[in-house]
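Student: I'd like a close look at the strand pairing here, please. Take me through who sits beside whom, and then show me how that part fits into the whole.

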Amino acid sequence: MGSFDRVVRGGVVVTGSDTVRADVGITGETITAIGLDLATDGAEVIDAGGLLVLPGGVDPHCHIEQLDPDGSSYEDSFAQASAACFAGGTTSVITFAAQFKGQRLGPVLAEYHRRAAQGMVDYSFHQIINDPFYAVVQEDIPEVVASGVRSLKVFLTYDDVRIDDRQYLRVLAAARRAGAIVTVHAENYDAIGWLTEALLKAGMTAPKYHAWARPTVIEREATHRAIALAELVDQPIQIFHVSGPEPAHEIAAAQDRGLKVWGETCPQYLVLDAADMDRPGFEGAKFVCSPAPRGQAESDGLWQAIRAGTIDIISSDHSGHSFYKEGIGKQRNGTDAPFTRIPNGVPGLAARMPIIFSEGVSKGRIDLQTFVRLTSLNAAKLFGLYPRKGTIAPGADADLVLWDPTRKVTITNNLMQHAIDYTPYEGLEVTGWPQITIARGRVVMQDGVVTAEPGSAKFLARGPYDLIRPRGVLPNGFDASAIMI
């Protein structure tokens, strides 16, 4: 069967539907054969004996080198973040291009392309829409989508980026016209503001009160509202970082009605806890993210939603801010800052797949095929990267992770290979760890050593695909999105 540049030999190949013992033949950047005893004449042989051979991870929700309104950027460069991805078995990411008030989208997206091209991990973008004024809706969104960025991101909370319901409807309508999916950060802005004002006036300012200001009910309400407005427009959406069973139930109810609504969660909602933000002094700031981590009952409910298929993607929501660096990161506003002034987010690019494998497969909550679907296949399908990404099949990119399912590792920050000076998962023991990562046919990580070259990343343009086409079901049959308002 032909000649290959590389043959991954003797492993157990796992896809979203099958587990088989097979070799994988690679020619150039592409998988060209899967079978037993593939010919190795002239090929580099990569021994996968005793290992699982998985599709490279697809992380569809991570904030890399993202710009702030003041022109500064998040600490991880694309090159550094790429190393973290490869260290954890991820070979493709969808990160964000952030629009701020008054900006046109063309220059914004061009700047993020310039930055991402310096990295090593294959990438695409979600275009954040912060200011859907007429020219953005009429001209820019169609151009961005036509360029291969087929997903928009909106925030229903945060002072500097939130959009109101009318603006959200404008984005939904623009996405429907252009053929894009909309991803949503769903929390109730005014409810958070009301609770926050009361907490601060009561002198309750410590990091733990971040969770008090954002209880599950405000996420449940915003999820319900985000879905209802999307149903009004007949626009497919995904709800980001679902933190517990209550918002998951809203998604399940929508799915039961036939709506095109998807949900994702993240490792922080499966292994962290609101109590982590109540650590001594400022230590709890390490765990401040939104939505806030909840508790064991919410984690158990999320696993039920995962097994039911309501939550079908687990991303990292990597949003790293160092903890120990004075004047930046979590300490940007000092170690006595109220919870409202602690930068949101936790790092997680390298930790995502090991945590989900350990908590899911190793503990018997999910099987191997479900693990692949959660960490690779489903994201590739939902965001238009499949079958190039997310599977092991002839014609797919040769993105593979050789995984030791029995290796026990205690997570430390040094293993994460990001620019951030801490990991919220420090000391967590996991079972299952990536040994070798292969990206487009190249070994880019082996035994924790990343060898990829900066500038080797490729942009993953996404064309039209059926999964996110509107259903064609509208209240009263009236398509308001066809009228530019």
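Tutor: Let's start with the word "pair": two strands pair if DSSP finds at least two bridges between them. Strands themselves are DSSP runs of E with at least two residues, helices are runs of H or I with at least four, and both are numbered from the N terminus. This is a predicted model, where local features need pLDDT of at least 70 and side-chain atom pairs count only at pLDDT 80 or more, while totals for chains, interfaces and linings use all residues. Residues are numbered from 1 along each chain as its sequence is written, and side-chain values use heavy atoms, with hydrogens and water left out.

Now scroll to strand β15 (residues 429-439). It runs antiparallel to strand β16 (residues 442-446), and 4 bridges join the two. One spot to click on is I438, which stands opposite V443 in β16. The hairpin of β15 and β16 has 2 residues between the strands, and R440 takes a positive phi there, near 45°. Then β16 goes on to pair with strand β17 (residues 449-450), again antiparallel, over 2 bridges. M445 has V450 of β17 as its bridge partner. This is another hairpin with 2 residues between its strands, and D447 in the turn has a positive phi of about 50°.

Next, jump to the start of the chain. Strand β1 (residues 6-14) is joined to strand β2 (residues 19-27) by 7 bridges, and they run antiparallel. The hairpin between β1 and β2 goes through 4 residues. R6 is a handy marker: it stands opposite I26 in β2, and it also has a bridge partner in β4, namely E44. That second link belongs to the parallel pairing of β1 with strand β4 (residues 44-47), which has 4 bridges. β1 is joined in parallel to strand β5 (residues 52-55) as well, by 2 bridges, and there V13 is partnered with V53. While you're looking at strands, keep a general rule in mind: in a regular strand, side chains alternate between the two faces of the sheet.

Then there's an open sheet of 8 strands, paired in parallel in the order β6-β7-β8-β9-β10-β11-β12-β13. Why do its two ends have a free side? β6 (57-59) and β13 (311-314) are the edge strands with a single partner each, so one side of each is left without a neighbour in the sheet. On average, neighbouring strands of this sheet are turned by 30° against each other, direction ignored; axes here are lines fitted to C-alpha atoms, for helices over the stretch in contact, and angles run from 0 to 180 degrees between N-to-C directions. Inside the sheet, β8 (residues 122-128) and β9 (residues 151-155) pair in parallel over 2 bridges, with Q127 opposite L152. Helix α2 (residues 105-116) packs on the sheet and touches β7 (90-98) and β8, its direction making about 155° with that of β8. Contact means heavy atoms within 4.5 Å.

Two more helices are worth a click. Buried means under 20% relative accessible area, exposed means over 50%, and partly exposed lies in between (1.4 Å probe, protein chains only). Helix α1 (residues 78-88) has 9 of its 11 residues buried, among them F78, C85 and F86, and G89 just after it takes a positive phi of about 95°. In helix α11 (residues 352-362), 10 of the 11 residues are buried, including R352, F357 and E359. Just after α11, G364 has a positive phi of about 80°.

How does this fit into the whole? The protein chain has 13 helices and 17 strands. 59% of its 485 residues count as buried. Of the contacts with a separation of 6 or more, 77% come from residues 24 or more positions apart. The C-alpha atoms fill a box of roughly 70 × 55 × 40 Å, taken along the principal axes. Finally, an unreviewed UniProt entry lists residues 52-444 as "domain: Amidohydrolase-related"; such positions are given in the numbering used here, feature names are shortened, and annotations may be inferred rather than shown by experiment. That span is 37% helix and 18% strand, and its end C-alpha atoms lie 17 Å apart.
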